[in-house]
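Trainee: Hi, do you have a moment to go through a structure with me?
Mentor: Sure, put it up and ask away.

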Amino acid sequence: MTGFDKLKANLMKNEEFARLYNERKPLRNFIDELIELRVEKGMTQKDLSELTGISVPNIARIEAGKQNLSYQMMYKLVNALEGKILLTAQADNCIRLSNAAAEKLQELSDEANTSPEEFLMNLLQKASEESIIA
């Protein structure tokens, strides 16, 4: 366990800290992914500013988690980066795939002439049936 992990574990023992951490985690994840997408595209904050009309200082505050974000602002940023937003009230039911895994899933589901969701459900059903029989 790293020093950061130990510090986080100790801080999470504090109920107020844990509540705030868990409350803001989805936003922090969004911001981290936004930065990752911007960097993957080889863009600077200035480049993103020019595409969106959002000032560089505002983008810096957003990326630092110091600026409140509306859905419209989130959409504007993600759209400029050619990404997509997924909002869900059941986040525990979502799994983030690597780009390679997502491409492979799409390829396999195309071959099976199903949606990626249907392909996974069929695969899980088969795995479930096999483990019951075995």
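**Talking through the model**

Mentor: Let's begin with one pair: arginine 19 and glutamate 23 sit four residues apart in helix α2, which is about one turn of the helix. Keep in mind that this is a predicted model.

Trainee: How far apart are the closest N and O atoms of arginine 19 and glutamate 23?
Mentor: They are 2.9 Å apart, and the two residues form a salt bridge.

Trainee: Is arginine 19 buried, partly exposed or exposed?
Mentor: Arginine 19 has 41% relative accessibility, so it counts as partly exposed. Glutamate 23 is partly exposed as well, at 48%.

Trainee: Which other salt bridge should I look at?
Mentor: Try arginine 96 and glutamate 36, whose side chains meet in a salt bridge with an N to O distance of 3.1 Å. Arginine 96 is in the loop between α5 (71-80) and α6 (99-111), while glutamate 36 is in helix α2, so this pair ties together parts that are 60 residues apart in sequence.

Trainee: And how open are those two to the surface?
Mentor: Arginine 96 counts as exposed, at 55% relative accessibility. Glutamate 36 is partly exposed, with a relative accessible area of 35%.

Trainee: What about helix α3, which residues pair up there?
Mentor: Glutamate 50 and lysine 46 do; they are four residues apart in helix α3, so about one helical turn separates them. Their side chains meet in a salt bridge at 2.9 Å, N to O, and both residues are exposed.

Trainee: Which residues do salt bridges with shared partners join into one network?
Mentor: Glu16, Arg19 and Glu23. So the arginine we started with, Arg19, belongs to that network.

Trainee: How many salt bridges are there in the whole structure?
Mentor: A search of the whole structure finds nine.

Trainee: Okay, new topic. How many helices and strands does the chain have?
Mentor: Seven helices and zero strands. Read from the N terminus, the elements go α-α-α-α-α-α-α. The radius of gyration is 20 Å, well over the 14 Å that the globule rule gives for 134 residues, so the chain is more spread out than a compact globule.

Trainee: What does the C-alpha trace span along its principal axes?
Mentor: About 60 × 40 × 30 Å.

Trainee: And what share of the residues is buried?
Mentor: Buried residues make up 16% of the 134 in the chain. The accessible surface comes to about 10400 Å², and carbon and sulfur atoms hold 54% of that area.

Trainee: How much of the contact set is between residues far along the chain?
Mentor: Taking contacts with a separation of 6 or more, 41% are between residues 24 or more positions apart.

Trainee: Can you show me a buried residue with partners like that?
Mentor: Isoleucine 31 in helix α2 (residues 15-40) is one to click on. This isoleucine has a relative accessible area of 1%, and the cut-off for buried is under 20%, so isoleucine 31 is buried.

Trainee: What does isoleucine 31 contact, leaving aside its neighbours within four places in sequence?
Mentor: Ile62, Glu63, Gly65 and Leu69. For glycine 65, the C-alpha atom is 7.3 Å from that of isoleucine 31, though the two residues are 34 apart along the chain.

Trainee: Back to helix α3 for a second. Is serine 49 buried or exposed?
Mentor: Buried, because its relative accessibility is 12%. Serine 49 is in helix α3, and not counting residues up to four places away, it touches Ile54, Ser55, Val56 and Ile59.

Trainee: Now the outside. Which residues form a nonpolar patch on the surface?
Mentor: Phe4, Leu7 and Leu11, with about 300 Å² of accessible area together. Leucine 11 is in helix α1 (residues 3-12), and with a relative accessible area of 34% it is partly exposed.

Trainee: Last one: where is the confidence lowest, and where is it highest?
Mentor: Lowest in helix α7 (residues 116-133), at a mean of 83, and highest in helix α3 (residues 45-52), at 97. For the chain, the mean pLDDT is 90, and 98% of residues reach 70 or more.

Trainee: What should I do where pLDDT is low?
Mentor: Predicted coordinates there should not be read in detail.

Definitions and conventions
Residues numbered from 1 in each chain as written. Predicted model: local features only at pLDDT ≥ 70, side-chain atom pairs only at ≥ 80, totals over all residues. Heavy atoms only, no water. pLDDT = per-residue confidence, 0-100. Helix = DSSP H or I, 4+ residues; strand = E, 2+ residues; numbered from the N terminus. Buried < 20%, exposed > 50% of the residue type's maximum accessible area, 1.4 Å probe, protein only. Contact = heavy atoms within 4.5 Å. Patch = residues over 30% accessible without salt bridge, like charges linked within 9 Å, V, L, I, M, F, W, Y side chains within 5 Å. Areas by Shrake-Rupley, 256 points an atom, 1.4 Å probe, with all protein chains shown as cover. Salt bridge = Lys/Arg side-chain N within 4 Å of Asp/Glu carboxyl O. Rg over C-alpha atoms; globule rule 2.2 N^0.38 Å.
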